[in-house]
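Grab a pencil and let's work through a few exercises together. Try each task yourself before you read the solution.

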Amino acid sequence: MDEFTPTVGVSSTRPADMPEDHSALPVWNAENWFYEDWPVGQRIRSLRRTIGESDSHLFNTLVVDIHPYVQDQMFAEREGIFGRRLVAGAFVFSAGLGLVATNCVNAFSYGYDKLRFIKPVFIGDTIYTIRTNMEKTPRYKDLGLIRASYQVFKTEGELVLYCEHLQTVKYKNPADFAGKTEK
């Protein structure tokens, strides 16, 4: 191992099914924070992503979304209330959350609350996301529940989507939460 201390992927760096000198390397796109490490109030912003025609079409094809607002240019221009095709809300949700998603090996999605599509997103729009860590609650013997809000914006700060993500996250020290959990 080299002289650098890995900052990510520490708990997932030693798979037995690869050469030992490879498995000893830290994993670039994995994180290993625990419930105790999650800072309430922290805000982060993602990089931006422009949603292209091919992105929108591929998503619609994968999920079989053939609604005329997202698939029919002639309908959207002539009969639609926006005068052009929309990007499917489910894709805006997926891409917007993906921009700030973590690959934490200790966190598991529990669900989403308060999902709202606030304004339309069109092909060619550029989006970015701000995640705010809202709260955390001891929940289970080995896992706490955390809640973060996701605000997806387009262009220069126009809010298009809001939701709250709930995740269960392993405790670093489960004994510290004995008697404090809900279940």
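Buried means under 20% relative accessible area, exposed means over 50%, and partly exposed is in between (1.4 Å probe, protein chains only). This is a predicted model, where local features need pLDDT of at least 70, side-chain atom pairs count only at pLDDT 80 or more, and totals for chains, interfaces and linings use all residues. Residues are numbered from 1 along each chain as its sequence is written, and side-chain values use heavy atoms, with hydrogens and water left out.

**Exercise 1.** Sort Glu-135, Asp-113 and Arg-147 into buried, partly exposed or exposed.

*Solution.* Step one: Glu-135 has a relative accessible area of 39%, so call it partly exposed. Step two: Asp-113, with 28%, is partly exposed too. Step three: Arg-147 comes out at 16%, so this one is buried.

**Exercise 2.** Work out which parts the salt bridge between Asp-113 and Arg-147 ties together.

*Solution.* First, the rule: a salt bridge is a side-chain nitrogen of Lys or Arg within 4 Å of a carboxyl oxygen of Asp or Glu. Next, the closest N and O atoms of Asp-113 and Arg-147 are 3.2 Å apart, and the two form a salt bridge. Asp-113 sits in strand S3 and Arg-147 in strand S5, so the pair ties together parts 34 residues apart in sequence. (Strands are DSSP runs of E, at least two residues, numbered from the N terminus.)

**Exercise 3.** Find the network of salt bridges that includes Arg-147.

*Solution.* Start with Arg-147 and Glu-135, which form a salt bridge at 3.2 Å between the closest N and O atoms. Then widen the view: Asp-113, Lys-114, Glu-135, Arg-147 and Glu-164 are linked in a network.

Notes
Helices (H or I, at least four residues) and strands (E, at least two) are DSSP runs, numbered from the N terminus.
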